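Here is a short tour of a two-chain model, written for someone who likes to check things against the coordinates. Have the viewer open and follow along.

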Number of protein chains: 2
Amino acid sequence: MTLRFELLHSEGAARCARLHLPHGVVETPAFMPVGTYGTVKAMAPWELEALGVQIVLGNTFHLALRPGAEIVGLHRDGLHGFMGWTRPILTDSGGFQVFSLAALRQISEAGVRFRSPVDGSEVQMSPEDSVEVQRVLRSDIAMAFDDCTAYPATEAQARESMERSMRWAERSYLHYYRDEPPGHLFGIVQGGVHTTLRSASLEALGRREWAGLAIGGLAVGEPESERLRVLEHTVPLMPSHRPRYLMGVGYPQDIVAAVQRGVDLFDCVMPTRHARNGHLFTSAGVINIRNACYQRDTGPLDPECRCSTCQRYTRAYLRHLDRCGEILGVRLGTLHNLHFYLDLMRQIRASIAAGTLAQLSARILAIPRRSPAAMA
Amino acid sequence: MTLRFELLHSEGAARCARLHLPHGVVETPAFMPVGTYGTVKAMAPWELEALGVQIVLGNTFHLALRPGAEIVGLHRDGLHGFMGWTRPILTDSGGFQVFSLAALRQISEAGVRFRSPVDGSEVQMSPEDSVEVQRVLRSDIAMAFDDCTAYPATEAQARESMERSMRWAERSYLHYYRDEPPGHLFGIVQGGVHTTLRSASLEALGRREWAGLAIGGLAVGEPESERLRVLEHTVPLMPSHRPRYLMGVGYPQDIVAAVQRGVDLFDCVMPTRHARNGHLFTSAGVINIRNACYQRDTGPLDPECRCSTCQRYTRAYLRHLDRCGEILGVRLGTLHNLHFYLDLMRQIRASIAAGTLAQLSARILAIPRRSPAAMA
């Protein structure tokens with residue numbers, strides 16, 4: 001079953017499309033909120049729908065540890081029924097989580113062994129295990145199991161890691177498509193910041209008909225200029241009739257820059273995690289609502305925002321909730337930050353359709369990553 | 001301005017009425033969810049409205065410490081604008097919170113001094129201070145500042161405490177009504193479990209035209225039989241044309257028992273606090289969702305419940321969220337528990353109107369307080 005990816009508009013390398021998945025259509029460029037343990041932290045599914053979220057990401061690694069794939073699999077339609085989300089889901093493969101465990105893991109050709117961060121028990125995960133879990137979760141898009149290369153890495157280290165990822169990609173593919181799968185499988189390009197390795201990785205992946213390709217191993221600590229250099233080398237080599245997904249990115253500015261270079265899909269914990277730390281996105285930059293300057297501020301969080309948090313509440317109230325550790329504070333902040341991201345993607349799609357992405361991009365890139373006054 | 005309390009139906013001592021407050025009508029018997037810091041924990045105002053909540057309780061003591069009455073007062077309509085709640089609010093006086101601070105407090109005729117549990121600073125609160133804060137919060141119903149008598153207490157201790165409460169009630173009354181107030185003031189009957197003191201307290205309060213009367217100093221550790229004895233003595237002595245409020249009660253069984261004895265208003269942290277501890281009310285008793293027996297349970301929390309938690313989710317999912325410390329778990333549990341309470345009150349009102357409260361009461365009193373199997 002081929003994945004239908006309907007290209008609608010383009011402006012330079014940027015494109016606007018519709019991705020037809022088993023659980024619905026996703027308009028790209030799209031942002032996928034992260035739902036690690038079967039819930040986008042602090043949000044209910046109906047709130048995500050109201051925000052216009054069309055696809056969420058689930059974490060295979062976390063769900064395999066808690067509650068375990070088997071328990072999710074007892075539910076109608078897997079992870080969809082478990083978490084009450086009827087729209088599309090992309091699951092990652094767990095490769096990145098294994099990578100971030102660092103000291104606790106052991107990598108061999110067979111797969112990885114690690115100590116469970118939940119209970120300390122020894123766990124193994126092979127490419128076949130990862131893909132099997134994703135089949136049970138019944139995600140619309142599953143990801144090949146990969147070995148995410150650290151930054152910095154020598155070219156030799158990056159090559160060894162990339163080549164292992166390519167062998168694991170092949171095993172993932174064979175296991176995923178061994179019989180009728182619940183969705184589609186994406187391959188992951190690796191190779192660190194070494195463009196020759198990125199080319200070699202793409203060549204290796206070219207042996208199979210992936211439903212889409214992701215760029216992995218970025219947003220792991222490299223400077224922005226390195227990331228853009230790798231993107232500018234890699235994206236033009238990726239099939240243009242398939243969706244391209246930049247994993248784990250990022251700030252609004254990073255997303256716009258990657259869209260301009262031809263990326264279609266994004267995921268990042270930033271809007272949800274930032275909200276839990278009181279860091280809120282506004283049209284003037286990120287503000288820290290814990291700052292004392294908001295104590296008596298009866299204005300809305302962002303006067304330009306139309307989300308329900310900004311329509312109903314003052315900065316003084318949001319700061320108060322944060323200080324008191326109230327769940328509603330996390331909820332209202334998460335709602336606002338996700339609205340900011342979803343609205344950004346809507347603006348990006350509309351501007352590609354209108355041929356005005358360059359202007360939108362100039363405006364987004366001019367927003368400071370942090371509001372200097374407010375973060376003081 | 002007299003408080004309009006419109007009696008509609010009665011069955012024995014139980015009555016069904018409409019309480020007309022500045023921010024709307026409250027149908028009684030009513031349950032008031034507790035919104036300590038300007039938020040009913042984990043809930044958004046629009047969710048409370050959807051549940052049919054007609055009045056919430058705010059804590060004067062907590063709000064005076066954080067963020068401080070002055071900051072709430074910067075908002076349109078005080079606490080209503082601050083927390084985005086347009087329906088009625090009752091504020092307690094802080095007397096009960098001072099009581100529960102125990103070792104940290106010093107009581108004198110002027111009022112109380114205590115160490116702030118927030119930052120350790122010394123704080124003073126007199127009857128005038130409490131009422132002043134409540135005026136700034138602009139609650140529909142304010143409570144007189146009282147000295148909540150501990151249990152057990154000797155008759156002499158209970159008398160001294162009750163008499164102080166009566167002098168403080170007088171000062172509260174004079175301060176609240178010194179000019180046009182934002183709402184109505186309730187007096188609080190004290191006297192512990194000593195019926196002669198309860199009578200004396202009511203006689204003292206009878207010197208003023210209170211908009212309603214509350215029964216304080218119960219649900220502080222006394223046995224159920226003592227509480228019912230005090231209620232059966234006290235309620236018939238309270239004016240029948242004014243609302244009667246039993247503070248801090250309680251389990252569904254306690255509420256039904258008190259309604260049958262003529263009480264109209266209730267508040268309790270139980271549904272919200274229980275939810276945060278994984279204790280969920282069902283038609284078969286309270287279950288602990290943390291229990292291992294729910295690990296693979298794909299049935300709804302309560303098959304008889306029509307709340308969105310029970311319509312959408314399995315016990316296995318709720319247990320998983322709880323284990324992972326996910327905010328959505330607290331939200332779904334709180335939503336369910338509050339629905340249980342609000343639905344109970346709707347059933348109580350309907351059965352008084354139909355003359356069938358005795359049957360409903362028999363059914364509610366037969367529900368075990370804990371589900372023995374599930375709590376094992």
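Which residue just after α13(B) takes a positive phi? That residue is B:Gly325, with a phi of about 65°. Please keep in mind that this is a predicted model. In chain A, A:Gly325 likewise takes a positive phi of about 65°, just after α13(A).

**The α13 helices**

Let us stay with the helix that comes before each glycine. In chain B, eight of the nine residues of α13(B) are buried, so this helix is largely enclosed by the rest of the structure. The buried residues of α13(B) include B:Tyr317, B:Leu318 and B:Leu321, and charged side chains are on the list too, among them B:Arg315, B:Arg319 and B:Asp322. What covers them comes from both chains: α14 of chain B takes part, together with α3 (69–73) and α4 (79–83) of chain A.

Chain A gives the matching picture. Eight of the nine residues of α13(A), residues 315–323, are buried, so that helix is also largely enclosed by the rest of the structure. Among the buried residues of α13(A) are A:Ala316, A:Tyr317 and A:His320. They pack against α14 (327–354) of chain A and against α3 (69–73) and α4 (79–83) of chain B.

| Helix | Buried residues include | Packing partners include | Glycine just after, phi |
|---|---|---|---|
| α13(B) | B:Arg315, B:Leu318 | α3 and α4 of chain A, α14 of chain B | B:Gly325, about 65° |
| α13(A) | A:Arg315, A:Leu318 | α14 of chain A, α3 and α4 of chain B | A:Gly325, about 65° |

**The contact between the chains**

How many residues does each chain bring to the contact? Chain B gives 30 residues and chain A gives 31 residues. On the chain B side, α13 (315–323) and α14 (327–354) each supply at least two residues. The largest share of that side, five residues, comes from α13(B). Sorted by class, the side of chain B that touches chain A has 15 nonpolar, eight polar and seven charged residues.

**How the copies are related**

A turn of 180° with a shift of 0.0 Å along the axis lays chain B on chain A with an RMSD of 0.0 Å. That is the relation of a two-fold axis. The same surface serves both copies, since 100% of the contact residues of chain B recur in chain A. If you want to find the rotation axis in your viewer, look for B:Ile327: of the residues of chain B, its C-alpha comes closest to the axis, at 3.6 Å.

**A sheet in chain B**

Chain B also holds an open sheet of nine strands with parallel pairing, in the order β4-β15-β14-β13-β12-β11-β7-β6-β5. At its edges stand β4 (30–32) and β5 (34–35), each with a single partner strand, so one side of each is left without a neighbour in the sheet. The partner of β4(B) is β15 (residues 265–267), which runs parallel to β4(B) and is joined to it by three bridges. One of the bridge pairs is B:Ala30 with B:Leu265. Helix α7 (residues 155–176) of chain B packs on the sheet, where it touches β11 (141–143) and β12 (184–189), and its direction makes about 175° with that of β12(B).

**Chain A as a whole**

Chain A has 16 helices and 17 strands. Its C-alpha trace spans about 60 × 45 × 40 Å along the principal axes. For 376 residues, a compact globule would have a radius of gyration near 21 Å, and the 20 Å of chain A agrees with that. Buried residues make up 55% of chain A.

Definitions and conventions: Residues are numbered from 1 along each chain as its sequence is written. Chains are lettered from A and ligands numbered from 1 in the order in which they are written. This is a predicted model: local features need pLDDT of at least 70, side-chain atom pairs count only at pLDDT 80 or more; totals for chains, interfaces and linings use all residues. Two strands pair if DSSP finds at least two bridges between them. Helices (H or I, at least four residues) and strands (E, at least two) are DSSP runs, numbered from the N terminus. Two residues are in contact if their C-beta atoms, placed from the backbone, lie within 7 Å. Axes are lines fitted to C-alpha atoms, for helices over the stretch in contact, and angles run from 0 to 180 degrees between N-to-C directions. Copies are superposed by least squares on the C-alpha atoms of residues with pLDDT of at least 70 in both. A residue is buried if 20 or more other C-beta atoms lie within 10 Å of its own, exposed if 12 or fewer, and partly exposed in between; C-beta atoms are placed from the backbone. The radius of gyration is taken over C-alpha atoms; the globule rule is 2.2 Å times the number of residues to the power 0.38.
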